[in-house]
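Let's walk through a protein together, one question at a time. Keep the picture open while you read.

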Amino acid sequence: MIRADLHLHSCLSPCGGLDMSPASIVRKALETGLQTVALTDHNSCRNSLAIAKVCAAAGLPCLHGLEACTVEEIHVLCLFDTLEPALALSDYIHARLPDIPCIREKMGEQVVVNERDEVEEWEDRYLGSGAEITFTDLCHKVLGEGGLFIPSHIDRPAHSLLSQLGRVPELPYSAVEITPWYNLKTDPLKVVGRYPLVGNSDSHMLEQIGMRWTEYEGDKLSTTCFHPLEIMP
């Protein structure tokens with residue numbers, strides 16, 4: 001059984017805390033007993049190399065990816081086993097973002113750091129916008145490149161399948177992410193038994209890490225060995 005949290009934001013995300021450096025995230029993840037993590041900043045993997053180095057040094061397995069925002073403004077976790085396809089998707093998404101400058105005092109800092117918590121630079125383009133790619137096209141692109149495509153917090157009242165479409169369209173998702181408030185008994189979006197369900201912390205602050213995770217079957221979590229069993233707590 002593997003305890004994994006696959007939805008974490010660093011200081012690169014405009015809504016992420018400035019203390020959410022890759023090194024701090026890994027320390028907190030280990031303290032809370034997580035066994036696999038994924039850094040999923042908004043529309044960017046620019047802090048992924050740093051967390052990959054920190055995870056390797058700490059012996060903590062990780063997946064690589066981002067939380068993309070489609071043209072419909074639907075958030076999606078896009079995850080890969082290796083860094084290269086994640087970085088390639090990051091470049092693809094970044095090129096399709098509107099050219100809106102990030103005004104730090106209003107929108108967030110968007111800090112790129114290295115594995116030693118040293119600031120490398122600031123991301124100038126605002127990362128909270130929707131990219132010029134449809135939800136369906138992104139699904140086929142990520143799956144076609146061997147990744148996991150997991151619609152984020154599908155029942156949340158913003159940036160979700162519920163808020164933007166009012167339903168869960170029939171596509172070959174790897175899983176769907178539900179919030180702690182989703183009613184599994186009434187199942188309003190009709191996902192129980194239709195898709196694997198996962199839960200993550202969606203942490204933007206250090207104290208949120210470890211508050212929610214999913215247990216997976218197996219000795220190693222990967223895109224080809226992805227068997228969610230139970231959402232905790």
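## Getting to know the fold

Of the 233 residues of the protein, 55% count as buried, where buried means under 20% relative accessible area, exposed over 50%, and partly exposed in between (1.4 Å probe, protein chains only). This is a predicted model, where local features need pLDDT of at least 70, side-chain atom pairs count only at pLDDT 80 or more, and totals for chains, interfaces and linings use all residues. Residues are numbered from 1 along each chain as its sequence is written, and side-chain values use heavy atoms, with hydrogens and water left out.

Q: Which radius of gyration does the protein have, next to that of a compact globule with 233 residues?
A: The radius is taken over C-alpha atoms, and the globule rule is 2.2 Å times the number of residues to the power 0.38. With 233 residues, that rule gives a value near 17 Å. The protein agrees with this, because its own radius of gyration is 16 Å.

Q: How many helices and strands does the protein have?
A: Helices (H or I, at least four residues) and strands (E, at least two) are DSSP runs, numbered from the N terminus. Counting them up for this protein gives 6 helices and 11 strands.

Q: In what order do the 7 strands of the open sheet run?
A: Two strands pair if DSSP finds at least two bridges between them. The pairing in this sheet is mixed. Its edge strands, each pairing on one side only, are β7 (148-151) and β11 (228-232). From one strand to the next the twist averages 25°, and the order is β7-β4-β3-β2-β1-β10-β11.

Q: Which residue in β4 stands opposite Cys-69?
A: Strand β3 (residues 62-69) and strand β4 (residues 75-80) run antiparallel, joined by 6 bridges. Across from Cys-69, the residue in β4 is His-75.

Q: What angle does the direction of helix α5 make with that of β7?
A: Axes here are lines fitted to C-alpha atoms, for helices over the stretch in contact, and angles run from 0 to 180 degrees between N-to-C directions. Helix α5 (residues 135-144) packs on the sheet and touches β3, β4 and β7, where contact means heavy atoms within 4.5 Å. Its direction and that of β7 make an angle of about 150°.

Q: What covers the buried residues of α1?
A: Helix α1 spans residues 22-31, and its buried residues include Pro-22, Ile-25 and Val-26. Their cover includes β1 (2-8), β2 (36-39), α2 (48-58) and β5 (111-113).

Q: Which element supplies the largest share of the largest nonpolar core?
A: In soluble globular proteins, nonpolar side chains tend to be buried together. A nonpolar core is a set of buried Ala, Val, Leu, Ile, Met, Phe, Trp, Tyr and Cys residues joined through side-chain atoms within 4.5 Å. The largest one here has 34 residues, and those with the most contacts inside it are Cys-78, Leu-138, Phe-149, Tyr-173 and Val-191. β3, β4, α3 (83-95) and α5 each supply at least two residues of this core, and the largest share, 4 residues, comes from α5.

Q: Is Thr-36 buried or exposed?
A: You'll find Thr-36 in strand β2. Leaving aside neighbours within four places in sequence, its contacts include Ile-2, Leu-6, Leu-60 and Leu-221. Because its relative accessible area is 4%, Thr-36 counts as buried.

Q: What relative accessible area does Asn-43 have?
A: Look in the loop between β2 and α2 for Asn-43. Its phi is near 55°, a positive value in a residue other than glycine. Asn-43 is buried, and its relative accessible area is 0%.

Q: How does His-159 count at its relative accessibility?
A: His-159 lies in the loop between β7 and α6 (161-164). Its phi is near 55°, a positive value in a residue other than glycine. Its relative accessibility is 24%, so His-159 counts as partly exposed.

Q: Which residues does the cis peptide bond join?
A: Go to the segment after β11, where Pro-233 lies. The omega of the cis bond is about -15°. The two residues it joins are Met-232 and Pro-233.
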